[in-house]
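Here's a quick walk through one model, starting with a charged side chain and ending with the nonpolar parts. Have the structure open as you read.

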Amino acid sequence: MGPHRTVQSITKADLQNFASKRLSETHHGEPIQPDTVRKELVTFRMLWNWGVQEGLLVGVSPTKHVALPLTDEKPPFMTTREVRAIVARGGLSEPEERRLWDSVYLDTAEVRGALEHARGNARYPFIYPMLLFVAHTSARRSEMVRSLIEDVDFRSRTVLLREKKKSRTKATTYRRVDMSPLLYQVMQEWIESHPGGQHTFCQLRGYRQVTPLTVWQAQHHLKQTMAKSKWDFVTGFHVFRHSFASNLAGAGVDQRVIDEFMGHQTEEMRRRYRHLFPAQRRAAIESVFGAGADNDPELRAS
């Protein structure tokens, strides 16, 4: 809209035009999604409402009734075998294939395999501990790069994860995840040889200059490590996070425990892996329609 446009003069038509232009743009080769534009409009509305409270603006935010295309709910998490079978049938566009691969999760054996590949092929010593840290704690990429050495508590065998955006009243919140035996061992070895600085994961720049990782550097190292291997579809840390939740669900771990480990979870996210609670789902159906119901004399009489 230009740097000299006054906020008060912005109309619904202006924002509708903004939304249309944003939806025609791409980011890192991917089209901007309606959910992204919706969040941007929400941010604008919050700023507008703040301006009204401060006496800088008047009236209702023009974001009301700005039309955005409907979006499909993301598909449930699927195994690599399920995704490969769907892709092999053919007829999918490249974006449709990417959408499927974005929903893949690794079973426990595949998680071990991907991590073993990283251990044997990582160019830098921090990469394997970094990936194991994410895979065994469900840390988001941003939480991993924010992690400090003091957050790894070997005495209690837990990792403290620093969350952002979970609370409207606090800049940072925390959750704790118990360390697996492997994570405990690898983190001890990594911290013993740590190059310095406060952050758990860092890299050397030049002569003994230690800098913390950025999210984009972490992403680059992940993709570089997995490239040209059977794990090249693991292009984002979210795959390990999906796998963490899905494997816990498949093992029948209580939903509340998964929520506590994963942090802030929406109902939409829960639905993506709820189908992986097979025993609980089957028990619910059989409690109503199972063999026990057939033996009920009142039901037989009816």
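Glutamate 110 is buried (under 20% relative accessible area, 1.4 Å probe, protein chains only). It has no salt bridge, meaning a side-chain nitrogen of Lys or Arg within 4 Å of a carboxyl oxygen of Asp or Glu. The nearest side chain of opposite charge is arginine 84, 6.6 Å away. Leaving aside neighbours within four places in sequence, glutamate 110 is in contact (heavy atoms within 4.5 Å) with Thr80, Tyr105 and Trp231.

A note on the source: this is a predicted model, where local features need pLDDT of at least 70 and side-chain atom pairs count only at 80 or more, while totals for chains, interfaces and linings use all residues. Residues are numbered from 1 along each chain as its sequence is written, and side-chain values use heavy atoms, with hydrogens and water left out.

Here's where three residues sit, with helices being DSSP runs (H or I, at least four residues) numbered from the N terminus.

| Residue | Helix | Helix residues |
|---|---|---|
| Glutamate 110 | α5 | 108-121 |
| Glutamate 189 | α8 | 181-192 |
| Valine 288 | α13 | 278-289 |

Glutamate 189 is 9.1 Å from proline 129, C-alpha to C-alpha, though the two are 60 residues apart in sequence.

On to the nonpolar side. The largest nonpolar core (buried Ala, Val, Leu, Ile, Met, Phe, Trp, Tyr and Cys joined through side-chain atoms within 4.5 Å) has 55 residues. Met130, Leu131 and Phe240 have the most contacts inside it. Helix α6 (residues 127-137) gives the largest share of this core, eight residues.

Notes: Helices (H or I, at least four residues) and strands (E, at least two) are DSSP runs, numbered from the N terminus. Buried means under 20% relative accessible area, exposed over 50%, partly exposed in between (1.4 Å probe, protein chains only). Lys and Arg count as positive and Asp and Glu as negative; His and the chain ends are not counted.
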